[in-house]
Amino acid sequence: MKRYFRLHRIFVVQYLKRLMEYKVDFLLGAIGLVIAQAIQILFIGIIFSQIPKLQGWSFEEILFIYGFSLIPKSVDHLFFDNLWMVGYRIIRKGEFDKYLTRPINSLYHVLVENFCVDAFGEMLTCILLLGYAIPRLSLPFHWYTIPLLLVVVVFATMIYTALKIMTSAISFWTKQSGHITHMLYMTNDFSKYPVSIYNKAVQAIITYVIPFAFTAYFPASYFLTDSDPLFCIGGTVIAGTVLMTIALFVWHRGVNAYESAGS
Amino acid sequence: MSRVKRFFRTYTPFTRSGMQELIAYRANFICFFLGEIISAFIMYFVWKAVFLSSDSDTFMGFTMEDMTVYLFIVFLTGYMTYSDGAFAVGEEIIDGSIAIRMIRPCSFEMCFLFKEIGNRIISIALIFVPMVLGVEVYRYAVTGEVRFNLMYFGFYIVSTVIAYMISFYFNVIYGFMAFFFKNLWGTSLIKETVVGFLSGGTIPLAFLPAGLATVLNFLPFASLAYTPVMIYMGMYSIGEIFGYMALQVFWLLVMMGLSKLVWHSAVKHLSIQGG
């Protein structure tokens with residue numbers, strides 16, 4: 001375990017060296033993400049210029065949920081972005097052989113190899129949104145709010161990462177699965193808004209099938225209203241654990257089924 | 001006549017290869033499309049909630065039916081006019097394979113264009129026709145009358161074709177620029193979000209402050225998606241339709257001229273090392 005932490009530090013340092021060489025690239029990626037979020041928020045602003053509440057939620061509450069959704073998303077994006085490459089390129093080009101010849105766990109190696117600083121764009125937006133919304137809302141605060149928040153962030157990030165592991169592992173059989181990852185990943189956008197605005201079918205899917213609702217709306221609504229902690233927080237923990245277990249299983253099976261693509 | 005014939009004989013094989021490419025990667029194509037259309041559905045639900053929370057039946061002059069048609073048709077138009085064929089130019093300049101392209105007896109942009117047209121033919125069959133049908137069925141179910149207007153639809157098609165051509169040349173220019181920046185992901189994200197916003201992809205331009213909306217209407221971006229969609233919805237009078245289409249043609253000529261300029265200056269400064 002200690003060895004893995006030490007390795008992680010070496011990988012990050014290595015990556016930061018690379019980054020220093022391409023400062024502009026990093027800035028462009030981060031700026032792109034900030035602009036993308038800013039346009040969405042402008043959209044919410046225009047809506048609220050015409051109506052006082054969206055199905056009972058105020059402007060600040062919507063911003064809080066939106067900002068909250070960016071926490072696990074950006075953490076996953078920052079640390080585990082390399083998984084996209086598995087589905088799009090690494091397997092297809094036969095580059096996965098490299099990971100198998102190293103004396104560390106292949107999944108761990110893939111995860112820590114890259115460090116996607118573009119995600120700081122999302123983090124910045126997230127901080128701005130929460131920084132704007134929180135002082136304007138009277139959120140219930142207990143001694144356990146902060147520890148609970150940390151737990152939620154860990155398990156909500158696991159939901160994101162597990163879905164990416166699972167879908168990229170499909171490429172062990174099909175050689176390419178980036179588009180499947182893309183399709184499932186995009187459903188995370190549903191979690192930026194209160195689940196109650198969707199119809200029953202969509203609600204069921206984002207709660208029980210692709211449980212992105214547990215990455216943002218459910219925990220955020222608990223922190224807003226203090227109600228139903230068992231479902232909102234417990235659900236996140238369960239969804240994260242179950243998905244991650246399945247993901248690790250699929251990955252393991254996939255590595256065993258892997259045949260190099262040859263060159 | 002023979003020149004026209006030769007032109008098509010030269011470039012139609014590219015169209016065929018574009019079609020074959022898409023068919024070969026159909027699963028990717030469909031997954032990608034499904035991932036993209038999710039955003040339109042999210043917007044639909046958000047707007048539905050807005051109309052439910054609002055006392056009036058219209059939002060800045062749009063009914064829920066208008067809004068739904070707008071959302072899906074603007075998504076469809078943006079999807080159909082999206083062009084990234086020429087994007088590879090940047091990569092080819094970096095790795096030097098552009099040299100091969102330059103000694104071929106055909107125009108580089110026409111190769112890309114005809115290949116993408118092949119792509120589009122499949123997209124029309126698989127996506128465009130079903131989506132337009134879906135929107136019209138929805139409209140019929142909601143209003144109880146057939147709102148489909150063949151004349152507006154005809155103008156919409158013409159306008160969308162021009163929009164596609166603008167988008168194509170715009171992306172040729174962008175393809176040349178992109179190779180200066182190494183983070184293609186970052187610059188593409190910036191380009192796509194900004195263009196998406198300025199062309200009305202997120203919010204109808206009419207919802208923006210009046211001054212800004214007027215300016216944006218005249219920029220080339222509105223020609224990419226907003227103009228065709230407003231024509232489809234019957235929001236413009238015949239006079240306005242011709243006015244906006246003339247503006248589209250103007251921007252198309254500007255983009256074509258600019259892309260020639262960029263191409264020539266790139267060729268002049270191009271030096272390819274080794275092989």
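These legends describe close-up views of a predicted model with chains A and B.

**View 1. Chain A overall is a helical chain with zero strands.**
Chain A holds 13 helices. From the N terminus, its elements run α-α-α-α-α-α-α-α-α-α-α-α-α. The C-alpha trace of chain A spans about 60 × 40 × 35 Å along its principal axes. The radius of gyration of chain A is 19 Å, which agrees with the value near 18 Å for a compact globule of 263 residues. Buried residues account for 41% of the 263 in chain A. Of the contacts in chain A between residues at least 6 apart in sequence, 78% join residues at least 24 apart.

**View 2. Chain B overall has twelve helices and two strands.**
Along the sequence, the pattern of chain B is α-α-β-β-α-α-α-α-α-α-α-α-α-α. Taken along the principal axes, the C-alpha atoms of chain B fill a box of roughly 70 × 40 × 35 Å. Chain B has a radius of gyration of 20 Å, and this agrees with the value near 19 Å for a compact globule of 275 residues. In chain B, 35% of the 275 residues are buried. Among its contacts between residues at least 6 apart in sequence, 80% link residues at least 24 apart.

**View 3. The contact between chains A and B takes residues from both.**
Chain A contributes 31 residues and chain B contributes 32. On the side of chain B that touches chain A, helix H2 (26-53) and helix H8 (184-198) of chain B each supply at least two residues. H2(B) gives the most to that side, with 15 residues. By type, the chain B side comprises 20 nonpolar, ten polar and two charged residues.

**View 4. The largest nonpolar core has 117 residues.**
Which of its residues touch the most other members? They are A:Ile159, B:Tyr70, B:Ile73, B:Ile166 and B:Val229. Beyond its neighbours within four places in sequence, A:Ile159 is in contact with A:Pro211, A:Phe212, A:Phe214, A:Thr215, A:Ala239, A:Gly240 and A:Leu243. Another core, of six residues, lies apart from the largest one. Its members include A:Leu28, A:Ala30, A:Leu33 and B:Leu189.

**View 5. Helix H10 (residues 178-186) of chain A is largely enclosed by the rest of the structure.**
Why is H10(A) described as largely enclosed? Seven of its nine residues are buried, so the rest of the structure largely encloses it. The buried residues of H10(A) are A:Gly178, A:His179, A:Ile180, A:Thr181, A:Met183, A:Leu184 and A:Tyr185. They pack against helix H4 (83-90) and helix H8 (145-169) of chain A, together with H2 of chain B.

**View 6. Helix H3 (residues 64-81) and helix H6 (residues 108-143) of chain B pack against each other.**
Their axes lie 10 Å apart, at an angle of about 175 degrees. H3(B) and H6(B) are therefore roughly antiparallel. From H3(B), the contact takes B:Glu65, B:Thr68, B:Val69, B:Phe72, B:Ile73, B:Leu76 and B:Met80. These meet B:Arg120, B:Ser123, B:Phe128, B:Met131, B:Val135, B:Tyr138, B:Arg139, B:Val142 and B:Thr143 in H6(B). The residues of this contact divide into ten nonpolar, three polar and three charged. B:Ile73 of H3(B) is also one of the residues that touch the most other members of the largest nonpolar core.

**View 7. A:Val195 sits in the loop between H10 and helix H11 (200-209) of chain A.**
A:Val195 has 18 C-beta neighbours inside 10 Å and so counts as partly exposed. Not counting residues up to four places away in sequence, A:Val195 touches A:Gln203, A:Ile206, A:Ala213 and A:Tyr217. A:Leu107 is 88 residues from A:Val195 along the chain, and 33 Å separates their C-alpha atoms.

**View 8. A:Gln55 and B:Met60 are loop residues with positive phi.**
Phi of A:Gln55 is near 45 degrees. A:Gln55 lies in the loop between helix H2 (23-50) and helix H3 (59-80) of chain A. With 15 other C-beta atoms within 10 Å, A:Gln55 is partly exposed. B:Met60 has a phi of about 50 degrees, although it is not a glycine. The loop that holds B:Met60 runs between strand S1 (58-59) and strand S2 (62-63) of chain B. B:Met60 is partly exposed, with 13 other C-beta atoms within 10 Å.

Technical notes. Residues are numbered from 1 along each chain as its sequence is written. Chains are lettered from A and ligands numbered from 1 in the order in which they are written. This is a predicted model: local features need pLDDT of at least 70, side-chain atom pairs count only at pLDDT 80 or more; totals for chains, interfaces and linings use all residues. Helices (H or I, at least four residues) and strands (E, at least two) are DSSP runs, numbered from the N terminus. The radius of gyration is taken over C-alpha atoms; the globule rule is 2.2 Å times the number of residues to the power 0.38. A residue is buried if 20 or more other C-beta atoms lie within 10 Å of its own, exposed if 12 or fewer, and partly exposed in between; C-beta atoms are placed from the backbone. Two residues are in contact if their C-beta atoms, placed from the backbone, lie within 7 Å. Ala, Val, Leu, Ile, Met, Phe, Trp, Tyr, Cys and Pro count as nonpolar, Asp, Glu, Lys and Arg as charged, and the others, Gly among them, as polar. A nonpolar core is a set of buried Ala, Val, Leu, Ile, Met, Phe, Trp, Tyr and Cys residues joined through C-beta atoms within 7 Å. Axes are lines fitted to C-alpha atoms, for helices over the stretch in contact, and angles run from 0 to 180 degrees between N-to-C directions. Angles under 35 degrees count as roughly parallel, over 145 as roughly antiparallel, 65 to 115 as roughly perpendicular and the rest as oblique.
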